[in-house]
Amino acid sequence: MTRFVLAIAAIAAGMAIAWQSGWIKPDAFASQVIARQRVAGDFDNYRRLYFEAAVLRSGERMAEGHDAYVKAFARDGRLALCGFAVVPTGPITQRTRAWLDNGRLEIAGQRIRSNFIAVQAQTATPSDAEAGCASTELAWRDGYRSAPLKLTGVPLLDAP
């Protein structure tokens, strides 16, 4: 029993040191949802990003590739983001929405929940889309505007 308690204490101490050292980075969860915006005149500020929303069905991994468009900008001195994903209509829409709700957007070494990204039907042109937006707790840096973007997430479990 003593060994167990010591092991737990050592793990907790190691986690605390890793957290303080910056080895473990917390997610910067969206702190304020901003009303959706029309993309029309602002499309040039959005960056295209390909991602695969993966699903596990009967033990087999299936990935559906989609395009997302994201822009980073300053709002009240903080990083704000707007984004939308273009997907075919049907069950894929719900699966992609669920994947984005659980996924993360990586920008300049920071991970932000991707649940703000609006899902648009593939029939809409990107410039006709409506983007979902969020403000984060991260202080704005000019490097965010051109920083590489990546959407990551774990595969969803899907019934056969």
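**Hairpin of S2 and S3.** I started at the turn of this hairpin, in what is a predicted model. Two residues sit between strands S2 and S3, and serine 58 has a positive phi there, near 55 degrees. I then followed the strands away from the turn: S2 covers residues 47–57 and S3 covers residues 60–75. They run antiparallel, and I found 11 bridges joining them. For a landmark on this pairing, I noted phenylalanine 51, which stands opposite histidine 66 in S3.

**The other partner of S2.** Next I looked up how S2 meets strand S10, residues 156–158. Here the strands run parallel, with three bridges between them. Arginine 57 faces aspartate 158 of S10 across this pairing.

**Disulfide search.** How many disulfides does a search of the whole structure find? My search came back with one. It joins cysteine 82 to cysteine 133, with an S to S distance of 1.9 Å. I checked the handedness too: the link between cysteine 82 and cysteine 133 is right-handed, with 105 degrees about the S-S bond.

**What the link ties together.** I placed both ends on the strands. Cysteine 82 belongs to S4 (residues 78–87) and cysteine 133 to S8 (residues 130–139), so the disulfide ties together parts 51 residues apart in sequence.

**Burial of the two cysteines.** Are these cysteines buried or exposed? Cysteine 82 has a relative accessible area of 0%, so I logged this residue as buried. Cysteine 133 comes out at 2% relative accessibility, and therefore counts as buried as well; the cut-off I used is under 20%.

Technical notes:
Residues are numbered from 1 along each chain as its sequence is written. This is a predicted model: local features need pLDDT of at least 70, side-chain atom pairs count only at pLDDT 80 or more; totals for chains, interfaces and linings use all residues. Side-chain values use heavy atoms; hydrogens and water are left out. A disulfide is a pair of cysteine sulfur atoms within 2.5 Å. Helices (H or I, at least four residues) and strands (E, at least two) are DSSP runs, numbered from the N terminus. Buried means under 20% relative accessible area, exposed over 50%, partly exposed in between (1.4 Å probe, protein chains only). Two strands pair if DSSP finds at least two bridges between them.
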